[in-house]
Amino acid sequence: MMAATNEANEETESKKGNKCLASRRFTTDSIHGHEYYDLKLGLFKVPIYMTAVWEQFDKNTGEPRRTDRNLDLKYSREENITVNSLEKALSKLEKAEDSLAFNSGMSALSAVYLATLKVNDTILISKESYGTTQQLASHMEKFGIKTILAGPETEELIESINDSVKLVIVETITNPLLKVIDVAAVAKRCTEVGSKLVVDNTFASPVIFRPQEYGASMTLHSLTKYIAGHNDVIGGSVTSNKETIKDLWDWRRKLGNIMNPFEAFLIIRSLPTLKLRFTQQSKTAKILAEFLEDNSKIKEVYYPGLNSSPYRSIADRIFSERMYGGVLSFKLREGKEGVFKFFKETKIIKSSPSLGGTESLATSPVLSAASTMAPEVQKELGITEDLIRLSVGLEDVEDLKEDIEQAL
Ligand code: PLP
């Protein structure tokens with residue numbers, strides 16, 4: 001087994017009192033955080049360990065081989081060194097004790113639901129969140145688990161959390177209207193009533209926000225988005241303390257939904273550019289949001305980095321950098337017809353439901369992420385047919401402006 005030899009990281013307390021692994025600065029950790037180093041070969045790039053099995057007992061010692069997590073290294077549905085390396089890097093970036101990689105964001109969430117809920121429990125989910133997150137929870141009803149939709153504003157969420165709620169799920173930046181949630185305030189309420197808080201940090205990324213520092217029980221990612229970042233990988237992760245991850249690890253082993261080593265390799269390869277990409281996408285998104293605000297064909301623009309956004313002050317308070325992500329939404333005066341015309345006419349921007357990748361993607365939330373929401377919830381939130389969500393890629397901002405202008 002290779003040696004994982006980065007001794008430089010020592011344990012310390014985070015600024016909010018969580019026990020975390022001390023790490024270097026973000027970009028250094030995004031490059032070296034996997035800790036992989038094969039002493040014998042002088043190899044510091046993580047290989048793809050494309051193997052289902054490992055020889056369980058070490059020929060020299062006769063002892064079982066163990067990973068750094070002190071679990072047997074014998075079968076890749078349980079532990080795989082390429083996947084482990086990604087998990088170590090994710091834990092450093094999220095400033096937390098441990099992480100697990102899954103074969104999609106939904107797969108990670110399924111494991112969380114199964115590991116944490118039992119009959120007669122209640123899940124509370126922010127009304128404005130990824131539709132499939134809500135849908136999966138509501139389908140847990142057949143196992144005697146109840147789902148409540150609440151929020152989406154922080155105060156409304158807090159008011160709805162009581163001691164019958166076992167699990168609370170919120171997104172740091174909501175999808176698709178980009179509201180910023182005060183995670184610390186929600187976490188405080190969850191602690192008071194004994195609920196677990198899962199924060200889906202997909203839209204914010206650890207570049208600007210790390211929920212474990214603010215009292216979240218678990219941080220969830222669709223790695224498919226900013227972290228993998230190239231619109232070519234599906235993956236998910238959960239980050240938490242060692243005890244929670246140990247329990248979830250056993251569920252992942254039973255469910256068999258660990259990430260494949262090739263996907264883990266691709267995501268490890270994406271990490272060193274995560275901050276660069278997110279910074280550029282945030283810059284471009286802000287320019288485009290301001291550009292759209294000035295366009296007479298646009299009814300309304302939603303972006304937490306806009307001076308006019310009601311979420312700008314909370315974003316500036318909780319995000320560690322003055323960045324607001326690469327996703328913005330806007331409504332067209334022309335309505336639904338304008339939306340379809342936009343999708344037909346754009347030359348660079350593609351109509352596609354994902355986000356956080358190198359290519360700019362535009363989607364109609366009523367037909368994608370919010371399509372599984374009840375129509376009355378869509379209406380209440382203002383998720384209407386004239387709405388477009390735009391995920392900004394890494395193209396030149398001037399080309400994107402021209403593309404938008406001609407398509408409008
Ligand atoms: N969470 C958010 C905020 C998402 O947008 C998505 C997918 O779009 C998911 C979770 C699910 O992730 P995946 O598609 O990787 O399963």
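User: Which residue of β5 does T122 stand opposite?

Analyst: In this predicted model, T122 stands opposite K146 in β5. The wider pairing is between strand β4, residues 122–126, and β5, which run parallel and are joined by 5 bridges.

User: What makes β4 and β5 count as paired strands?

Analyst: Two strands pair if DSSP finds at least two bridges between them, and 5 bridges join β4 to β5, so the pair meets that requirement.

User: Why are β3 and β5 called edge strands?

Analyst: The open sheet has 7 strands in the order β3-β9-β8-β7-β6-β4-β5, with mixed pairing. Because β3 (98–102) and β5 (146–150) each have a single partner strand, one side of each is left without a neighbour in the sheet. From one strand to the next, the twist averages 20 degrees.

User: Which helices lie against these strands, and at what angles do they run?

Analyst: Helix α6, residues 183–193, lies across β6 (165–171) and β7 (196–200), and runs at about 155 degrees to β7. Helix α8, residues 242–255, packs on the sheet by touching β3, β8 and β9, and its direction makes about 25 degrees with that of β3.

User: How do you know that β12 and β13 are paired, with 2 bridges between them?

Analyst: The requirement is at least two bridges, and 2 bridges join β12 to strand β13 (residues 361–363), so the parallel pair satisfies it. Within this pair, K350 stands opposite L361 in β13.

User: What makes β10 and β12 the edges of their sheet?

Analyst: That open sheet is formed by 5 strands in the order β10-β11-β14-β13-β12, again with mixed pairing. Both β10 (298–302) and β12 (350–351) have a single partner strand, so one side of each lacks a neighbour in the sheet. Helix α10, residues 274–293, packs on this sheet, touching β10 and β11, whereas helix α12, residues 335–345, lies across β11, β12, β13 and β14, running at about 130 degrees to β11.

User: Which residues touch the most other members of the largest nonpolar core?

Analyst: Of its 104 residues, V112, V168, V186, V198, I267 and L328 touch the most other members, and α10 gives the most to this core, with 6 residues. Leaving aside neighbours within four places in sequence, L328 is in contact with residues including L178, A285, L288 and L390.

User: How do the residues around the ligand divide by character?

Analyst: The shell comprises 4 nonpolar, 7 polar and 2 charged residues. Of the 13 residues around the ligand, those that come nearest are S104, G105, M106, S222 and T224.

Technical notes: Residues numbered from 1 in each chain as written. Predicted model: local features only at pLDDT ≥ 70, side-chain atom pairs only at ≥ 80, totals over all residues. Near = placed C-beta within 6 Å. Nonpolar A, V, L, I, M, F, W, Y, C, P; charged D, E, K, R; others polar. Helix = DSSP H or I, 4+ residues; strand = E, 2+ residues; numbered from the N terminus. Contact = placed C-beta atoms within 7 Å. Axes fitted to C-alpha atoms, helices over the stretch in contact; angles between N-to-C directions. Core = buried A, V, L, I, M, F, W, Y, C linked by C-beta atoms within 7 Å. Buried ≥ 20, exposed ≤ 12 C-beta atoms within 10 Å, placed from the backbone.
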